[in-house]
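Here are my notes on this model, point by point. Please read them with the coordinates open.

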Amino acid sequence: MVAELTTLRDQIDEVDKALLKLLAKRLDLVAEVGEVKSQHGLPIYVPERESSMLASRRKEAADLGVPPDLIEDVLRRIMRESYSSENDKGFKTLKPEMGPIVIVGGNGKMGQLFSKLFQLSGYQVRVLEQQDWERAETILSGAGMVIVSVPIHITEHIIQRLPKLPDDCILVDIASVKNQPLKAMLEVHQGPVLGLHPMFGPDVGSLAKQVIAYCDGRGAESYQWLLEQLQVWGAKLHAIDAVDHDKNMAFIQALRHFATFTYGLNLSQENVNLAQLLSLSSPIYRLELAMIGRLFAQDAQLYADIIMSSQDNLALIQRYYHCFGEAIKLIETGDKTEFIESFNQVKNWFGDYAIRFLNESRTLLRQANDSRQ
């Protein structure tokens, strides 16, 4: 039996080596594709091409008796690596005549990410940091665009501190709140103004499929090239009014981060054994625990800024607290009938999204289970 297993495992090893060679060849082809895209200013992420290719591979896999989900999982992982490697080829400069791009806070993690992307696209990038304000006018001289990339709680202050910019200079901020920073930019600068919110952290390997929300300020025709440049990098753009943006962010960020913070705070006060939780966890709890731990591995000031950025956030969290209390009453009374009625009301409110999210979560749960050691 041992000899038979050894023979089969040797054959598997040979197949794995063949797969590695094919993978290396595919990555070489991807590199060539990246060069062509860079030359012609084509986006690294083309959803139609990806969907068509995956559909074809799934059909071919089924014809060969290979689970379609397997080949899709493999290809999606390969494509994620491919998008990252395409960054190395650089990107076409869509605005060659653009003056220097100054990133205020450019040494921060998000500032560094955008600095790298602009430099890969052939633009001249300057950085203005806290210790540079005495030389601010020199650094900003002739700037074609100024991007404010600083913590939320000082964003408006930094915008107001900027010296007079050239009339054709584009003023941009990338804070996760938009209404007040946008108002501040419109007050201090008479030229083009744009609010951006990258819906991702600075640790992404590529902007492919990453969402960037944008709020028009003034002079949209002047920064249209920038929106196109973001798409060349692979980003998905979502236009939204600044007030609507902040209302949505209250749920997406403030309330969600507060709930995560509170759960982590409770775990620490209960002094649970994290190792035991992990060893006993289901894939879904492992994933939830990972997201809680992820928050506490990052900058506390950032999350304090997000959660406490407005009184509207406080009001929303207070309503959540009230809702939590109402839910506790169901447990206190032991009224399972009312609990089930409430559950089904929420289920009906989600509608078809509930099934959609159930299907989407399966892949995440499989990946969480794969990470188990």
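1. Start with helix 12, and with what lies over it. The cover on the buried residues of this helix includes helix 6 (152-161), helix 9 (242-270), helix 11 and helix 13 (311-333). The buried residues themselves are Y303, D305, I306 and I307, in a helix that runs over residues 300-307. Keep in mind that this is a predicted model.

2. The N-terminal end of helix 12 has a cap. D299 provides it. One of its side-chain oxygens lies 3.1 Å from the backbone nitrogen of Q301.

3. Next, the overall picture. The chain holds 15 helices and seven strands. Its C-alpha trace spans about 80 × 65 × 35 Å along the principal axes. Of the 373 residues, 35% are buried. The chain exposes about 23,000 Å², and carbon and sulfur atoms supply 56% of that area.

4. Contacts across the sequence deserve a line. Take the contacts between residues at least 6 apart in sequence: 67% of them join residues at least 24 apart.

5. Now the strands. Strand 5 (residues 193-198) and strand 6 (residues 211-218) pair in the antiparallel sense, over six bridges. Within that pairing, L194 has D216 of strand 6 as its bridge partner. Strand 6 is also joined to strand 7 (residues 236-239). Here the two run parallel, with four bridges. V211 stands opposite K236 in strand 7. Strand 6 thus offers both senses of pairing to check: antiparallel with strand 5 and parallel with strand 7.

6. Is S281 buried or exposed? It sits in a loop, between helix 10 (274-280) and helix 11 (283-296). Despite the loop setting, S281 is buried, because its relative accessible area is 7%, under the 20% cut-off. The side chain of S281 has a polar atom 2.9 Å from the backbone oxygen of L278. Leaving out residues up to four places away in sequence, S281 touches R286 and R372.

7. A second serine, S82, lies in helix 3 (residues 68-87). S82 has a relative accessible area of 5%, so this residue counts as buried. Which residues is S82 in contact with, leaving aside neighbours within four places in sequence? They are R26, L27 and V30.

8. The surface has a nonpolar patch worth a look. V346, W349, F350, Y353 and F357 form it. Together they have about 570 Å² of accessible area. Helix 14 (336-350) and helix 15 (352-370) each supply at least two residues of the patch. Helix 14 gives the most, with three residues.

9. An α-helix has 3.6 residues a turn, so residues three or four places apart point the same way. Read the patch residues V346, W349, F350, Y353 and F357 with that spacing in mind.

10. Within the patch, look at W349. This residue lies in helix 14. Why does W349 count as exposed? Its relative accessibility is 67%, and the cut-off for exposed is over 50%. Set W349 beside the two serines: W349 is exposed, whereas S281 is buried in its loop and S82 is buried in helix 3.

Terms used:
Residues are numbered from 1 along each chain as its sequence is written. This is a predicted model: local features need pLDDT of at least 70, side-chain atom pairs count only at pLDDT 80 or more; totals for chains, interfaces and linings use all residues. Side-chain values use heavy atoms; hydrogens and water are left out. Buried means under 20% relative accessible area, exposed over 50%, partly exposed in between (1.4 Å probe, protein chains only). A polar contact is a pair of N or O atoms within 3.5 Å; within protein, one must be able to donate a hydrogen and the other to accept it, and residues adjacent in sequence count only if both atoms are side-chain atoms. Contact means heavy atoms within 4.5 Å. Patches are made of residues with over 30% relative accessible area and no salt bridge: like charges are joined within 9 Å, nonpolar side chains (Val, Leu, Ile, Met, Phe, Trp, Tyr) within 5 Å. Accessible areas come from the Shrake-Rupley method with a 1.4 Å probe; for residues, only the protein chains shown count as cover. A salt bridge is a side-chain nitrogen of Lys or Arg within 4 Å of a carboxyl oxygen of Asp or Glu. Two strands pair if DSSP finds at least two bridges between them.
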